Amino acid sequence: MSNSIRPVTRRMRAAAAAKQWTLQYRPLLANYDKDRRAQIIGVGAKLADLGPSPDPDAVDAIIGNTSWTSISCSVCGCDSLEHAIEMGTDGEDGDVRICEACLAEGLAKLGKAVAA
Ligand SMILES: [Zn+2]
């Protein structure tokens, strides 16, 4: 993904979870024992069974934590956002996510600075 500014929602993250789970864990399966491999494959299958538009809470329940659907603001640190703007160069976790309140504050400050 190129340099971009894009919306991100919990639903978007949930919709990507099954594919990303497989992409992340498939190359690692050989490193795990039989039980862990079965668990990882089972989680992937359950995520896939949720279909293309899963409820984020259902994804969290299958994975056992909220890390695959949660969105936090890189500025104020709020970690329970339903949506945010994501900015960065590659669509990876290193990209910056900013909530509406912080975006609005930044735009207001920019507006005052430019008008001054
Ligand atoms: Zn914020």
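# Exercises on a predicted model

β1 and strand β2 (residues 83–88) form an antiparallel pair joined by 6 bridges. The structure studied in these exercises is a predicted model.

## Exercise 1. The sheet

Determine the order of the strands in the open sheet, and state which strands stand at its edges.

*Solution.*
Step 1. Begin with the pairings. β1 pairs with β2 in the antiparallel sense, and β2 pairs with β3, also in the antiparallel sense, over 3 bridges.

Step 2. The open sheet of 3 strands accordingly reads β1-β2-β3.

Step 3. β1 (4–9) and β3 (96–98) each have a single partner strand, so they stand at the edges, and one side of each is left without a neighbour in the sheet. From one strand to the next, the twist averages 30 degrees.

Step 4. Individual residues can now be matched. Thr-9 stands opposite His-83 in β2, and Pro-7 has Ile-85 of β2 as its bridge partner. For Glu-86, the bridge partner in β3 is Arg-97.

## Exercise 2. Two helical lengths

Compare the span of helix α4 (residues 100–115) with the span expected at 1.5 Å a residue, and do likewise for helix α2 (residues 34–49).

*Solution.*
Step 1. The expected span is 1.5 Å times one less than the number of residues.

Step 2. Helix α4 has 16 residues and should span 22 Å; its end C-alpha atoms are 22 Å apart, which agrees.

Step 3. Helix α2 also has 16 residues. From first C-alpha to last, α2 reaches 22 Å, close to the expected 22 Å.

Step 4. Beyond α2 comes Gly-51, which has a positive phi, near 85 degrees.

## Exercise 3. Buried or exposed?

Classify Ala-14 and Gly-88 by their C-beta neighbours inside 10 Å, then assess α4 and β1 by their buried residues.

*Solution.*
Step 1. A residue is buried if 20 or more other C-beta atoms lie within 10 Å of its own, exposed if 12 or fewer, and partly exposed in between.

Step 2. Ala-14, in helix α1, has 21 such neighbours and therefore counts as buried.

Step 3. Gly-88, in strand β2, has 17 such neighbours, so Gly-88 counts as partly exposed.

Step 4. In α4, the number buried is 0 of 16 residues, so α4 lies largely in the open. In β1, the number buried is 0 of 6 residues, so β1 likewise lies largely in the open.

## Exercise 4. The nonpolar cores

Identify the residues of the largest nonpolar core and the helix that gives the most to it.

*Solution.*
Step 1. As a general principle, nonpolar side chains in soluble globular proteins tend to be buried together.

Step 2. The largest core has 7 residues, namely Ala-14, Ala-17, Ala-18, Trp-21, Leu-47, Val-59 and Trp-68. Helix α1 (residues 10–25) gives the most, with 4 residues.

Step 3. A second, separate core has 5 residues, including Cys-73, Ala-84, Ile-98 and Cys-99.

Step 4. Contacts can be listed for two members of the largest core, leaving aside neighbours within four places in sequence. Ala-18 is in contact with Gly-44, Leu-47 and Ala-48. Ala-14 is in contact with Pro-54, Asp-55, Pro-56, Val-59 and Thr-69.

## Exercise 5. Sequence and space

State how far apart Ala-14 and Pro-56 are along the chain and between their C-alpha atoms, and treat Gly-88 and Asp-57 in the same manner.

*Solution.*
Step 1. Ala-14 and Pro-56 are 42 residues apart along the chain, with their C-alpha atoms separated by 5.0 Å.

Step 2. Gly-88 and Asp-57 are 31 residues apart in sequence, and 26 Å apart from C-alpha to C-alpha.

Notes. Residues numbered from 1 in each chain as written. Predicted model: local features only at pLDDT ≥ 70, side-chain atom pairs only at ≥ 80, totals over all residues. Pairing = 2+ DSSP bridges. Axes fitted to C-alpha atoms, helices over the stretch in contact; angles between N-to-C directions. Core = buried A, V, L, I, M, F, W, Y, C linked by C-beta atoms within 7 Å. Contact = placed C-beta atoms within 7 Å.
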